[in-house]
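Have the chain open in a viewer with side chains switched on. The text below moves from charged pairs to a hairpin and then to a single loop residue.

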Amino acid sequence: MKQIFLWWLMAAVCPSLALAETPAAKVQVLSVQNPASYAGIQIGDVLQRSIEVSVAANDQLNDNYLPLKGLQRNGVELRQLQVDSRKQGNQQVYKLVYDYQVFASSGKPVQLQLPAEQVTFKSGAKVELPSWRFWLMAQLPDQLQKAKQSVVAQHRPALLDTKTPQRGLVISLLLVVIGGLVLLYRNSDWTLLPMVNGHFARAYRKLKKLPANAEGQKQAALIVQDALNQRFGQQMLASHVPQFVAQQPGFKPLEQALHAFFAESNAVLYSGQAIDAAGYLKQCKTFTRQLRDCERGV
């Protein structure tokens, strides 16, 4: 009888010991993410935060304790709750994403908070997502005032001085016209323009029509010689160059070129020496153009 009583006592005590030694289920918080900004929140803004936890693989989330969509607390409404789970080794990982929309409004900045959320599992394990405080911006001033009191009196704007820019524009246009006329006068071959139909201008136009051959180079020498004669007023020779530049100082810079021309023209016309016809014709054009510029005084 004694042995039966001992066996009965052991059978009653052992299950209690076993239950007492069974460890309670554990939940591990892996991450908590709150909104990036806690200030400047306005009515209608959506705030999102999330929590990621890990429990035993055989444990499951208790949906009965999750907040319902549309739940409003202190001016904040739960807009959406998204739950994702995945298996990771011998653990089950749950991620809960909460979307809140702010409906509160205030005439001055006020501090509100996203509510604390409790996550419960079927094993009895629990974890809490703490509340999160933020500042709500003021929507309207505390006291409206009449607009007339805050209007700044209008002042007549200062008038801009347009005379100086107009004067500068006129001067610029005048300089452009003068510059264009100078370039036209210096480089033009038109016979109809006044003061551009001088002896050397006509000679330059004739030179441009000559062929680049032996006959052309002789004609070039004669044409330039004839223009010099007309400008000098008589037959001009190499010995007359100093007298020519003394009478007409504008041709003084070309004194050496005049001597060189007479030396080369004598070789072309009288010595019978072979000279590059194309090169000589080009040289005559350049020299006649220089004479034309001196003739025009530019």
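What follows is a walk through selected contacts and backbone features of a predicted model.

Start with the charged side chains. A salt bridge here requires a side-chain nitrogen of Lys or Arg within 4 Å of a carboxyl oxygen of Asp or Glu, and by this rule the count comes to four. Three of these are described below, beginning with Arg86 and Glu52, whose closest N and O atoms are 2.9 Å apart. This pair links distant parts of the chain, since Arg86 belongs to strand β4 and Glu52 to strand β2 (residues 46–56), 34 residues apart. Arg86 is partly exposed, at 41% relative accessibility. Glu52, at 15% relative accessibility, counts as buried because the limit for that class is under 20%.

Another salt bridge joins Glu295 to Arg231, with 3.8 Å between the closest N and O atoms. Glu295 sits in helix α8 (residues 277–296) and Arg231 in helix α5 (residues 214–232), so this contact ties together parts that are 64 residues apart in sequence. On the acidic side, Glu295 is buried, with a relative accessible area of 16%. Its partner Arg231 is partly exposed, at 28%.

A further salt bridge is formed by Glu255 and Lys252, where the closest N and O atoms are 2.8 Å apart. Glu255 has a relative accessible area of 17% and is therefore buried, while Lys252 is partly exposed, with a value of 47%.

Turn now to the backbone, and to the hairpin of β7 and β8. Strand β7 (residues 117–120) pairs with strand β8 (residues 126–129) in the antiparallel sense, over four bridges. To find the register, look for Gln118, which stands opposite Glu128 in β8. Five residues lie between the strands of this hairpin, and Gly124 takes a positive phi near 100° there.

Which residue other than glycine has a positive phi, near 55°? That residue is Asn74. Asn74 is placed in the loop between β3 (72–73) and β4 (76–88), and β4 is also the strand that holds Arg86 of the salt bridge with Glu52. How accessible is Asn74, buried or exposed? Asn74 has a relative accessible area of 62%, so it counts as exposed, the cut-off for that class being over 50%.

Methods. Residues are numbered from 1 along each chain as its sequence is written. This is a predicted model: local features need pLDDT of at least 70, side-chain atom pairs count only at pLDDT 80 or more; totals for chains, interfaces and linings use all residues. Side-chain values use heavy atoms; hydrogens and water are left out. Helices (H or I, at least four residues) and strands (E, at least two) are DSSP runs, numbered from the N terminus. Buried means under 20% relative accessible area, exposed over 50%, partly exposed in between (1.4 Å probe, protein chains only). Two strands pair if DSSP finds at least two bridges between them.
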